[in-house]
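Subject: Two-chain model for you to look at

Hi there,

Here is the model I promised to pass on. Please open it first, and then read my notes below.

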Amino acid sequence: MIYDVKNETLPREELEALQLRRLQALCERVYANVPFYKKKFDEKGVKPQDIKTLKDVRLLPFTVKQDLRDQYPFGLFAVPKDQIVRLHSSSGTTGTATVVGYTKRDIENWGKLVARCLMAAGASASDTVHNAYGYGLFTGGLGAHYGAETLGATVVPMSGGSTRRQVTLLKDFAPDVICCTPSYALFLAETGLEMGIDIRELPLRIGIFGAEPWTNEMRVEIEKKLGITAIDIYGLSEVMGPGVAIECAAAQDGLHIQEDHFLAETINPVTGEPVEPGEEGELVFTTLTKEGIPLIRYRTRDLTVLNTTPCKCGRTTARMKRVTGRSDDMLIIRGVNVFPSQIESILIETEGLTPHYQLIVERQGNLDTLEVRVEVNEALFSDEIKSLQRVESKVMKNIKEFLGVTAKVKLVEPKSIERSLGKAKRIIDNRNKG
Amino acid sequence: MKVDQLSIFLENRAGRLAEVTQILSEAGVNIRALSLADTSDFGILRLIVSDFEKAKDKLKAAGFTVGRTSVVAVEVNDQPGGLHNILGMLQEAGINVEYMYAFVQQSGNSAVLIFRFDRTDQGIELLRKNNITIIPGDKLYTM
């Protein structure tokens, strides 16, 4: 089912014509209203009227996260403060916080875009949505909430935390859809079993998961343990929040970017030049309709491949490949590039291991060391040391073989790796401390 | 003839073993025999307890990974050569001992050996044929 048939199935030429009109208007708007962009445009010697085709977007300057920090709190807003109806902010754990502001129309658009996502995932107005994304400054909770209400579904505004209560309400309210992070979904399944509630036996049929990178292997695990269809949603607060792109249940093959609202490019993260179609590059978004804080060529640091071939669901929008790595999450260990998602795939493929893991990087002398901590469970546990050591060495061998890096593998007790309510803390990098 | 042994995965960190004993103590479960095998990172605690199911449930509820293994308990005279005699017949029959541990009974006349064989049933058969006293689980749990 498609929520906005007209806009989600526009023929590509019409879609691109719409994008161009919106891009031209956007350039006029930010040039006139945001001193930061006027300065940036002038430095590059580009004027709004230079944008004659969609490809001309490449003439425009990039925006990076640091720009939002430098302009903290409201420097990038394009409308007077009295038109802003809501603020959201990032946690600021990796630097100064960033702030985004929404006009009334932005909030309405966001609701509609998330409603599209819910329907693409297979939900309908008659469903109940259990929303376990955190409510508050984080965009996840309210983003999913407004989307579900716009769709006309019943929302359970659960927010994060109180895991046992969540499981009880999953049983008592019998929602059809759950929204949370993928790692939290697995935590809910485990907690359910401890309480004697098997989530597979509940009516729940769809999970919409985002806010942290996950792999296809993890999807298989979630679908098996919760008995649901697991759908990937993508978004980032700087661009809007959840709902920038969504996987359709029909194909589960890439995430449809809501291109009538967001212009997507993929670039080489080092040179900034566009990559060839079908090649992996850093995803860059220009927000075509946002009023509060429109962004020009915002560099997401997420790596993906764009695909404009028609999808069997009927949507004509480009699909982005599941994001499994960020250009800044990449670990370089003794010169080898390692993404946490690659380690995750190896762990899940090893029988009996859970996707609960943590990577610890240290520097001993001049040598970087990687330790992979992974939890044991009963399927793997044995009363003989040698069989546990066999598992450790098998994982070690696979990491060496597939990634070309030597890692120490350490089995740890179940639940000893901290489960975060928001994003799982996968990496502890102690190299640049002290 | 087999005895249920409870095995528990333990990380090598201070106080972890004490947490196990505290849980068992609070549950009123008595430890009959134990052995601890360890590497630099983790250990496996093997226990014979007075109430297997209760111990298992309580430990699982506390988040431990636990397992069940069938082992064989044998009574031998507490005198030189008691163990050697048994190992000799196992070797002849080609039955491997994965691990074993022993304790001396309070009365002091005999020792109890706990064996984990690679082929448990063949091991039991061999011991019986040679008239070695095998202690059944029920008796060991309440000894």
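To start with chain B: what radius of gyration does chain B have, and what would a compact globule with 143 residues have? Chain B has 16 Å, and a compact globule with 143 residues would have a value near 15 Å, so the two agree. The radius is taken over C-alpha atoms, and the globule rule is 2.2 Å times the number of residues to the power 0.38.

Before the rest, a word on conventions. This is a predicted model, in which local features need pLDDT of at least 70 and side-chain atom pairs count only at pLDDT 80 or more, while totals for chains, interfaces and linings use all residues. Residues are numbered from 1 along each chain as its sequence is written, with chains lettered from A and ligands numbered from 1 in the order in which they are written.

Chain B

Along the principal axes, the C-alpha atoms of chain B fill a box of roughly 45 × 30 × 25 Å. Chain B holds five helices and seven strands (DSSP runs numbered from the N terminus: H or I of at least four residues for helices, E of at least two for strands). Their order along the sequence is β-α-β-β-α-β-α-β-β-α-β-α. Of its 143 residues, 26% are buried, that is, with 20 or more other C-beta atoms within 10 Å of their own, the C-beta atoms being placed from the backbone.

The domain assignment, which is automatic or from a database, splits chain B into domain 1 (2–69) and domain 2 (70–141). Their C-alpha centres are 22 Å apart. Eleven residues of domain 1 of chain B are in contact with 13 residues of domain 2 of chain B (contact meaning C-beta atoms, placed from the backbone, within 7 Å). On the domain 1 side, β1 (2–11) and β2 (31–38) of chain B each give two or more residues. That side has four nonpolar, four polar and three charged residues; here Ala, Val, Leu, Ile, Met, Phe, Trp, Tyr, Cys and Pro count as nonpolar, Asp, Glu, Lys and Arg as charged, and the others, Gly among them, as polar.

Chain A

Chain A has eleven helices and 21 strands. Its radius of gyration is 22 Å, which agrees with the value near 22 Å for a compact globule with 434 residues. Its C-alpha box is roughly 75 × 55 × 40 Å along the principal axes, and 45% of its residues are buried. Chain A is divided into domain 1 (1–327) and domain 2 (331–429), with C-alpha centres 30 Å apart.

Cores

The largest nonpolar core has 90 residues, and those with the most contacts inside it are A:Leu118, A:Ala121, A:Ala123, A:Cys179 and A:Ala185. (A core is a set of buried Ala, Val, Leu, Ile, Met, Phe, Trp, Tyr and Cys residues joined through C-beta atoms within 7 Å.) Helix α5 (residues 104–120) of chain A gives the most to this core, eight residues. Another core lies apart from it, with 52 residues that include A:Val395, B:Val3, B:Ile44 and B:Leu45.

Where the chains meet

The contact takes 16 residues from chain A and 14 from chain B. On the chain A side, α11 (385–403) and β20 (407–412) each supply at least two residues, with β20(A) giving the largest share, three residues. By class, that side has six nonpolar, four polar and six charged residues.

Happy browsing, and best wishes

Terms used:
Contact = placed C-beta atoms within 7 Å. Buried ≥ 20, exposed ≤ 12 C-beta atoms within 10 Å, placed from the backbone.
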